[in-house]
Structure formats: C-alpha cells, structure tokens
Amino acid sequence: MQMNEIEAHLGASAGRRTGPVILDMKNISLSFGGVRALTDISFNVKEHEIRAIIGPNGAGKSSMLNVINGVYRPQQGEIIYRGEHRRNMDCYAAAKSGIARTFQNIALFKGMTVLDNIMTGRNLKMKSNFLLQALYWGPARREEIEHRIKAEEIIDFLEIQAIRKTPVGRLPYGLQKRVELGRALAAEPEILLLDEPMAGMNVEEKQDMCRFILDVNDQFGTTIVLIEHDMGVVMDISDRVVVLDYGKKIGDGTPDEVRTNQDVINAYLGVEH
Ligand SMILES: Nc1ncnc2c1ncn2[C@@H]1O[C@H](COP(=O)(O)OP(=O)(O)OP(=O)(O)O)[C@@H](O)[C@H]1O
C-alpha cells in the first residue's frame, strides 16, 4: 500500500480533529559551550496533532526533543505543558506527566523478550513496593496481572503476537523499532516523541510504521511529535511541520505551506545563508 492510500484508508491528516495547545515551547535557546544548538525557537503542539520537526543534519531536532522531555535544560525560554509554566522539564516529571519517547538508536534490552521489554514501559505505572513485587504477593500479584494484560493489548495492537517470547536482539531492525514503539506506548503517554521512527527501514517496514503511528494517533488519541528525514512520510502524515536549520526556526505550517517556503527549499538545497 502507498502512503497516500494509507492516509485515505485511515482518514489521516486532512480530516484529523486537533484540540487546544497542549505544549507550548517559547523562545528556547540551548548551547553546549560555544555551540548554539537552538536559538530562540518557539512553536506549539496541539492535542491529538501529528507534529513533525524536520531540518538538515545538525539542525537541532534531537536537541529539541531532549528539551521537551527534560534531558537537556535550555539556558533561555519557557515550556508550557498542559497550562503549567516551567523553565525546563525534568526527565522523571516529564515521563510521569505523560511524555514518552523513542530514540534514534534503538534502546531496548536485547537479551530480554519482546513482552518483558514492553513491560519495562509500565514501570512508572507500578504502585506496589519492591518487597511485595519480589514476593509476587497480594496487591503486587494483581497489579502485575493488570500490567501484563495491558502489555498483551499493545502486542496485539502492533501485530507482534508471534514474537512475544523472542529475545529482542534476534529480531530484524524494523521489528525492533516496532517493539520500541510498543514500550513507549506501554506508558500510555499523552505525548509521544518519536526520534526518526523510520530510519534504516525498507519501504514495507516504513509503510507498517506509518500505519501504526496513524493508528496510535487515531485510536488512542495520542499527540505525536516526530523527527523524520523521509519527506514523503512527513508530508503524508503530519498536520503541521516545524523546520529548523542551524538551530533556528525557518518554517512552520502545514505540509503545503512548508513545501513552498523558499527558506526551507534553500536549506534543503544547501544554499548559503
Ligand atoms: N550533548 C551535546 N554536546 C555537545 N554538542 C551537542 C550535543 N548534542 C547536540 N550537540 C550539537 O548541537 C547541534 C544540534 O544537534 P542535534 O543532534 O540536535 O541535531 P539534529 O538536527 O538532531 O541532527 P541529526 O539529523 O544529524 O540527528 C549540533 O551541532 C550538535 O553537534
């Protein structure tokens, strides 16, 4: 199936209903010593939206995701998440308050099974203490069962039942990426940050991943912020796109607006500033 067919099938971007702004990044600047990774960048993300961040290599895309989930603390700016103003996010607080992410390089426990990897995504949801969990007793047992049911639901959703007991390290790359998505979904996030979810995939794997991203957005109502280099994918599935170049914002709008923005065209053609 082609991307536009997938979109038509799922009633994607054109018809998607987005809500109010859930995340507002205001005047974010971030430096590493003398390197300015982000300079005065503002953009927002609306509830239920698929928002892409694009730009040439080194533009600051991953740094921006790291600011959103609290890995990096910007020197300037403000983050407003669900109406709360913060100077910066904190990793634990971000995860606890519904922000999950996947990484550019797969970060799974290679020796553990698919099911166990997905279960690790439930950690922050676990209430019973370590001792009860170790004894697998009373409330801990009931809780463990509930978490396993949730993990199995995600496995069904991602159509990976056949490999649920397989150690992740033995799986092909495309499936590992799908498991990583599953682990992020296990946290039942409100905002899902995806760092190059299709990198290194073949066409068929990309089509599958696109379909799952659209399904997650559609069926769970999850807001998605993604970095992606494949322009076909970005233009097909995103509601709005923000474009970075050398740490500055050079474009922001619908795929059509961004596609015809001369600064964006220049950046991708490598025209000198
Ligand atoms: N931890 C860090 N320490 C020092 N410099 C960093 C760090 N992280 C990012 N940078 C620098 O910040 C700039 C932006 O990098 P970033 O990885 O955010 O870009 P990107 O758009 O995600 O690139 P790519 O598409 O290649 O992944 C680059 O110059 C990079 O070298």
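## Exercises on a predicted chain

Asp24 lies in strand β1, which spans residues 21-32. The model is predicted. The exercises start from this residue and move outward.

### Exercise 1. Classify Asp24

Task: decide whether Asp24 is buried, partly exposed or exposed.

Solution.
- Step 1. Count the neighbours: 17 other C-beta atoms lie within 10 Å of Asp24.
- Step 2. Apply the cut-offs: a buried residue has 20 or more such atoms, and an exposed residue has 12 or fewer.
- Step 3. Asp24 is therefore partly exposed, given its 17 other C-beta atoms within 10 Å.

### Exercise 2. Find what Asp24 touches

Task: leaving out residues up to four places away in sequence, state which residues Asp24 touches.

Solution.
- Step 1. Asp24 touches Asn44 and Ile80.
- Step 2. Place Asn44: β2 covers 35-46.
- Step 3. Place Ile80: strand β4 covers residues 76-81.
- Step 4. For contrast, take Met231, 207 residues from Asp24 along the chain; the two C-alpha atoms are separated by 24 Å.

### Exercise 3. Pair the strand β1

Task: work out how β1 is joined to β2 and to β4.

Solution.
- Step 1. β1 and β2 run antiparallel, joined by 8 bridges.
- Step 2. One pair to check is Ile28 with its bridge partner Ile41 in β2.
- Step 3. Look at the turn: the hairpin of β1 and β2 has 2 residues between the strands, and Gly33 takes a positive phi near 55° there.
- Step 4. β1 and β4 also run antiparallel, here with 5 bridges.
- Step 5. Leu23 has Tyr81 of β4 as its bridge partner.
- Step 6. Recall the general rule: strands of a sheet pair through backbone hydrogen bonds, either parallel or antiparallel.

### Exercise 4. Describe the ligand shell

Task: list the residues that surround the ligand, sort them by class, and say which element gives the most to the shell.

Solution.
- Step 1. The surrounding residues are Phe32, Val35, Ala37, Gly55, Asn57, Gly58, Ala59, Gly60, Lys61, Ser62 and Ser63.
- Step 2. Sorted by class, the shell holds 4 nonpolar, 6 polar and 1 charged residues.
- Step 3. β2 and α2 (61-68) each supply at least two shell residues.
- Step 4. The top contributor is α2, with 3 residues.

### Exercise 5. Judge the burial of α2

Task: state how many residues of α2 are buried and which they are.

Solution.
- Step 1. α2 is mostly covered, with 7 of its 8 residues buried.
- Step 2. These are Lys61, Ser63, Met64, Leu65, Asn66, Val67 and Ile68.
- Step 3. Compare Lys61 and Ser63 with the ligand: both also belong to its surroundings.
- Step 4. Follow the chain on: just after α2, Gly70 takes a positive phi of about 85°.

### Exercise 6. Trace the open sheet

Task: give the strand order of the open sheet of 6 strands and its kind of pairing, then name its edge strands.

Solution.
- Step 1. The order is β6-β7-β8-β3-β9-β10, and the pairing is mixed.
- Step 2. β6 (99-102) and β10 (248-253) are the edge strands, each pairing on one side only.
- Step 3. From one strand to the next, the twist averages 15°.
- Step 4. Test one pair: β7 (residues 191-195) and β8 (residues 223-227) are parallel over 5 bridges.
- Step 5. Asp195 stands opposite Ile227 of β8.

### Exercise 7. Summarise the chain

Task: report the secondary structure count, the buried share and the share of contacts joining residues at least 24 apart.

Solution.
- Step 1. The chain has 11 helices and 10 strands.
- Step 2. Of its 273 residues, 38% count as buried.
- Step 3. Take contacts between residues at least 6 apart in sequence: 70% of these join residues at least 24 apart.

Definitions and conventions. Residues are numbered from 1 along each chain as its sequence is written. This is a predicted model: local features need pLDDT of at least 70, side-chain atom pairs count only at pLDDT 80 or more; totals for chains, interfaces and linings use all residues. A residue is near a molecule or strand if its C-beta atom, placed from the backbone, lies within 6 Å of it. Helices (H or I, at least four residues) and strands (E, at least two) are DSSP runs, numbered from the N terminus. Ala, Val, Leu, Ile, Met, Phe, Trp, Tyr, Cys and Pro count as nonpolar, Asp, Glu, Lys and Arg as charged, and the others, Gly among them, as polar. Two residues are in contact if their C-beta atoms, placed from the backbone, lie within 7 Å. Two strands pair if DSSP finds at least two bridges between them. Axes are lines fitted to C-alpha atoms, for helices over the stretch in contact, and angles run from 0 to 180 degrees between N-to-C directions.
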